[in-house]
Amino acid sequence: MPASESNAASPRVQRLHQILLWPLRLMPIGDAPGAPRRPWERLAAVADSPWREVADEYTGGPQNFHERHYQEFVTFLPYVQRFLYGEGAEGGAGSGMKVFRRHDVRRLRVQTRPQDAPLLLEVVHVDLYFFFDVDVVLLNVEVSSADLALAQAQELMYRLGRAYPPGWDAQGLPLHCLAQAEWLDAEGQVLSSSDSRERERFIEHVHRHRAPRLATHWDWLLRPLLNHASDEARAQPGALSYRQIEYYRMPMMAYLAVDEPRALTRSDFVRLGLVTGSGPVAQEGSLPYGEDHLSDFERRHCYDRFWSDGGAAPQTRYLCSGHALVVVGRADSEFFSCRDRGVLAQFRHQHFLIFLIAHFQKAALLMFSDRLVEALRRLNVQDPENVRRFKRAIRSAFEGFLRFTHRYWFHDVAEQAQSRALFRMCAEHLGLDSLHAEVKQRVTDMSAYLETDSIRRQANTVVRLTVVTIFGLVGTITTGFLGMNLLAEADAPLGQRLLYFAAVMAVTLALTVYTMVKSKRLSDFLDALSDERLSAWDKLRAFVAVWR
C-alpha cells in the first residue's frame with residue numbers, strides 16, 4: 001500500500017503539540033575580574049545574543065496573567081511554588097529559575113524520511129531554563145502542527161528530538177533521525193539546516209575529540225552557548241559552554257487530539273507511549289516489541305483515570321515512560337482542546353513543569369556525579385597544590401549537593417491526584433530515588449575521605465609536636481631546675497647578653513627543627529621504649545634506627 005493511502009486510512013491527529021526538553025551541563029569557566037559569575041548573566045552580556053530574559057506572566061503586567069496561570073500556580077505545593085515562582089510581587093524574589101527565550105525562530109520545516117513530503121511546524125517558543133546553584137541548563141522547544149495522519153505524528157515524535165545521528169544506512173542516510181530539518185524565520189527564510197547526511201564530519205569529530213558532534217541546526221539554536229568539545233569552544237576558554245549529560249535523544253512531551261481515540265489499537269498506544277515510530281506499513285497493527293516485554297504496559301505506562309466515555313475529558317489517556325509524557329484525547333471535546341482551563345492548558349503548563357522538574361532533578365544528580373569523576377581524574381597525590389584543588393572541588397560539590405537537596409529535591413510536587421500520579425510515574429521511570437541515593441553516597445564517601453584525611457594529618461601533627469615537647473622538656477627542666485643559671489650574665493653588657501641570646505636561640509631552633517625532622521622515627525623509638533615486651537637490646541636498636 002502506498003504511504004499516502006496508508007496515511008489517509010489511519011486515524012487523524014487534528015492537533016499535535018510536541019515539546020522537547022534537553023538537559024545539558026554547563027561547564028565551569030574562569031572568573032575574570034569584573035566578569036558576570038552566573039551563566040545567565042554571561043549570556044545576557046553577549047552583545048549579539050538572540051536570547052532575552054522572559055518577563056513572564058508573574059513578573060509582567062496583570063493583563064498577561066490569566067486563569068490558566070492561576071490554575072498552574074495553585075496546582076503545586078507551597079515549597080514547589082517558591083522554587084518555580086519565588087515570593088513577593090517585585091520580580092519573584094527567591095525563584096530558583098531564570099528563563100531566556102529567542103524570538104527569531106518561527107517555523108521548523110522537517111522531512112521525517114527521504115520518501116516523505118516535508119512538514120511545516122509552527123514553533124511556539126524556544127527557551128533556555130537556568131537554575132540557581134546548579135550548573136545545568138534545559139533547552140525547551142515547543143512545536144505544533146495540525147491535521148496529520150497518526151503515522152506521521154508517530155514518526156515526528158520519534159525522529160525530531162535527536163541531537164545527532166546514531167549511524168547511517170548503506171545509502172549514507174541517517175538512521176532514526178530526521179532526513180532534513182530547517183529553522184525558518186517569520187518570512188520563511190532558512191536560518192539553519194541540518195547536516196545529518198555528512199557522515200565523515202561526525203565520525204572525524206568523535207575520532208579527534210572523543211565526544212559527539214551536534215547536528216548543525218541544534219548547534220546553531222543553542223548559540224552563543226558552545227559545545228564544550230568543539231574547536232570553537234577550545235579556542236575561547238572564557239566562553240559559555242555546555243556538555244551532553246544524558247542520552248542524545250531528547251526527552252519529549254506530546255499532545256494528540258484525535259478524531260476517535262477508541263479507534264487507536266494497543267499497538268498504536270504502545271508506539272506512542274514508548275515513542276517507537278510508526279513501524280513498517282506492511283506490519284500495521286503489530287507490536288514493536290515482544291508480548292512478554294509489553295505484558296505490563298498498561299499498568300506501568302498508562303494513567304487511565306479519564307479513559308472513559310464520561311467526565312469532563314472523555315476518552316483521555318496519559319502515557320508515561322520517563323523519556324516521554326504523552327496525552328491522547330478527543331479533538332471534538334471542548335475541555336480537551338481548551339487553552340485556558342482544559343487538558344491542553346494543563347499539558348502546556350502544569351504537566352510541562354512536572355516533566356521539567358523530574359528531568360531537572362535527574363540532570364542535576366548526573367552533573368554532581370560528573371563533577372566527582374572529574375575531580376578524581378585530575379587528582380595527583382604527589383602535587384600538594386593539586387591536592388588542595390581537589391579538596392576545594394570536593395567541598396564545593398558537597399556544598400552544591402546540599403543546596404540542591406534542600407532546595408530542589410521533592411518526592412511530591414502536588415497534592416492533586418493527577419499531577420501527583422504523573423510526577424511519581426516520571427520519577428519512577430527515571431529512577432530518581434535510587435540515583436539520588438547513589439550520588440548522595442558518593443558525595444558522602446568523598447566528604448568522609450576528606451574528613452578522615454584531615455584528622456589523620458592533624459594526628460600526625462600532634463604526634464610530632466608531642467615528640468618535640470618530650471625531648472624539649474629534658475632541656476627545659478635541666479636548665480630551669482630551681483631557677484639555676486649556668487652562666488651568670490645578668491650584669492653583663494647588653495651586647496654580650498644579646499650575643500648569648502642569639503646563640504642559644506639558634507641552637508634551640510636548630511634542635512627543634514632537627515627533632516621535627518626526626519619526629520616520626522623518634523615517635524617510633526618512644527613507642528618501643530614504652531613497650532614492656534621488648535628487650536633492652538631491641539629498644540637500643542630502635543634508638544639507633546633514628547639516625548640510620
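**Exercise 1. Polar contacts of Gln315**

Task: In this predicted model, find which side chains Gln315 joins by polar contacts of 3.2 Å and 3.0 Å, then decide whether Gln315 is buried or exposed.

Solution:
1. The side chains of Gln315 and Arg330 are joined by a polar contact of 3.2 Å.
2. With the side chain of Asp309, Gln315 makes a polar contact of 3.0 Å.
3. Gln315 sits in the loop that runs between strand S12 (302–303) and strand S13 (317–320).
4. Buried means under 20% relative accessible area. Gln315 has 8% relative accessibility and therefore counts as buried.
5. Apart from neighbours within four places in sequence, the residues in contact with Gln315 include Glu260, Pro261, Arg262, Phe306, Trp307 and Val328.

**Exercise 2. Surroundings of Phe83**

Task: Locate Phe83 in its helix, classify Phe83 as buried or exposed, and list what Phe83 is in contact with beyond four places in sequence.

Solution:
1. Helix H4 (residues 78–85) contains Phe83.
2. The relative accessibility of Phe83 is 3%, so this residue counts as buried.
3. Ser95 lies 12 residues from Phe83 along the chain, and 5.1 Å separates their C-alpha atoms.
4. Ser95 is also among the contacts of Phe83, together with Gly96, Met97, Phe131, Ile357, Phe360, Arg407, Tyr408 and Phe410; neighbours within four places in sequence are left aside.

**Exercise 3. Helices H13 and H14**

Task: At what angle do the axes of H13 and H14 cross, and how do the residues of their contact divide by class?

Solution:
1. Helix H13 (residues 350–377) and helix H14 (residues 384–408) have axes that cross at roughly 170° and come within 9 Å.
2. Angles over 145 degrees count as roughly antiparallel, so H13 is roughly antiparallel to H14.
3. On the H13 side, the contact includes Phe360, Leu365, Phe368 and Arg371; on the H14 side, Phe390, Phe401, Phe404 and Tyr408 are among the residues.
4. By class, the contact of H13 with H14 has 14 nonpolar, 3 polar and 1 charged residues.
5. Two of these names recur from Exercise 2: Phe360 and Tyr408 are in contact with Phe83.

**Exercise 4. Helices H5 and H9**

Task: Describe how H5 and H9 pack, and state which residues make the contact.

Solution:
1. The axes of helix H5 (residues 150–159) and helix H9 (residues 266–273) are 10 Å apart, at an angle of about 25°.
2. Angles under 35 degrees count as roughly parallel, and H5 and H9 are therefore roughly parallel to each other.
3. The crossing of H5 past H9 is left-handed.
4. H5 contributes Leu150, Gln154 and Met157, while H9 contributes Asp268, Arg271 and Leu272.
5. These residues comprise 3 nonpolar, 1 polar and 2 charged.

Methods:
Residues numbered from 1 in each chain as written. Predicted model: local features only at pLDDT ≥ 70, side-chain atom pairs only at ≥ 80, totals over all residues. Heavy atoms only, no water. Axes fitted to C-alpha atoms, helices over the stretch in contact; angles between N-to-C directions. Helix = DSSP H or I, 4+ residues; strand = E, 2+ residues; numbered from the N terminus. Parallel < 35°, antiparallel > 145°, perpendicular 65-115°, else oblique. Left-handed = near helix turned anticlockwise from the far one by under 90°. Contact = heavy atoms within 4.5 Å. Nonpolar A, V, L, I, M, F, W, Y, C, P; charged D, E, K, R; others polar. Buried < 20%, exposed > 50% of the residue type's maximum accessible area, 1.4 Å probe, protein only. Polar contact = N/O pair within 3.5 Å; in protein donor to acceptor, adjacent residues only side chain to side chain.
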